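Hi everyone, thanks for coming along. I'd like to walk you through a structure that may be new to you, so please have a look at it first.

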Amino acid sequence: MKKNKLIKSIKKTGTIATVGIMLAGVFWMGYTVTNQKTDAQAATEPIKTIQQEKIYPEQRVMCGNYYDYLVIETVDGNEWLLDDSPGSKYIENSIAVFEDGELVQVVFDTKGTKTVMDDEIVEVRSIGRRCLR
């Protein structure tokens with residue numbers, strides 16, 4: 001009888017110790033991950049905010065379709081002519097960098113107004129390809 005009590009006592013102690021170690025491990029892992037997230041956020045958020053404010057504080061991003069020669073039609077129906085001056089980043093070796101029908105994302109500097117009439121294209125990047133017209 002004493003042997004059974006002793007075995008039950010050892011099993012109970014072992015179970016309690018195992019659960020305790022598991023809980024301590026979970027707590028420690030959670031604490032470590034939380035600190036890593038906090039450190040990563042502290043390191044990246046201010047940089048992201050500063051860069052965005054320096055480049056173009058008031059911006060609008062739209063998708064559009066490139067066609068013709070340096071023309072983009074955005075989803076709101078407006079057409080935009082890209083810069084074709086010497087040294088333009090949209091022309092390489094006298095050829096446009098985008099192809100007819102290419103889907104692009106356009107970033108505009110709104111200059112703080114609601115009208116699109118004074119918007120200026122800051123950046124255009126390819127985001128895929130659509131069927132040709």
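**A tour, starting from one charged pair**

Let's begin with arginine 60 and aspartate 76, whose side chains meet in a salt bridge, 3.8 Å from N to O. This pair links distant parts of the chain: arginine 60 is in strand β1, residues 59–67, while aspartate 76 sits in the loop between β2 (71–74) and β3 (79–81), and the two are 16 residues apart. Please keep in mind throughout that we are looking at a predicted model.

Is arginine 60 buried or exposed? It counts as buried, because its relative accessibility is 19% and the cut-off for buried is under 20%. Its partner, aspartate 76, counts as partly exposed, at 37% relative accessibility.

As a reminder, side chains of opposite charge can pair when their charged atoms come close. How many salt bridges are there in this model? The count comes to 4. One of them brings together the side chains of glutamate 120 and lysine 111, at 3.1 Å from N to O. Glutamate 120 is partly exposed, with 42% relative accessibility, and lysine 111 is partly exposed too, at 45%.

Another joins glutamate 123 to arginine 125, and here the closest N and O atoms are 2.7 Å apart. On the accessibility side, glutamate 123 comes out at 28%, which is partly exposed, and arginine 125 is partly exposed with a relative accessible area of 33%. There is also a network: Arg60, Asp76 and Asp119 are joined into one by salt bridges that share partners.

Now let's step back to the whole chain. It has 1 helix and 7 strands. In what order do the elements run from the N terminus on? The order is α-β-β-β-β-β-β-β. The chain has 133 residues, and 23% of them count as buried. Its accessible surface comes to about 10300 Å², with 60% of that belonging to carbon and sulfur atoms.

If you take the contacts with a separation of 6 or more, 51% of them are between residues 24 or more positions apart.

Next, how the strands pair up. We met β1 with arginine 60. Which way does β1 pair with β6? The pairing is antiparallel, over 7 bridges. Within it, valine 61 stands opposite valine 107 in β6. β1 also pairs with β2 in the antiparallel sense, over 4 bridges, and there glycine 64 stands opposite threonine 74 in β2. These two strands form a hairpin with 3 residues between them, in which aspartate 68 takes a positive phi near 55 degrees.

One general point helps before we turn inward: in a regular strand the side chains alternate between the two faces of the sheet.

So, what about the inside? The largest nonpolar core has 15 residues, and Tyr66, Leu82, Ile121 and Val124 have the most contacts inside it. Which elements give two or more residues to this core? They are β1, β6 (102–109) and β7 (120–129), with the largest share, 3 residues, coming from β6.

Let's finish at valine 124. Setting aside neighbours within four places in sequence, valine 124 is in contact with Ile72, Leu82, Tyr90, Phe98, Val104, Gln105 and Val106. Leu82 is a name you have just heard, since Leu82 and Val124 are both among the core residues with the most contacts.

Thanks for listening, and I'm happy to go back to any part of the picture.

Conventions. Residues numbered from 1 in each chain as written. Predicted model: local features only at pLDDT ≥ 70, side-chain atom pairs only at ≥ 80, totals over all residues. Heavy atoms only, no water. Buried < 20%, exposed > 50% of the residue type's maximum accessible area, 1.4 Å probe, protein only. Core = buried A, V, L, I, M, F, W, Y, C linked by side-chain atoms within 4.5 Å. Contact = heavy atoms within 4.5 Å. Areas by Shrake-Rupley, 256 points an atom, 1.4 Å probe, with all protein chains shown as cover. Pairing = 2+ DSSP bridges.
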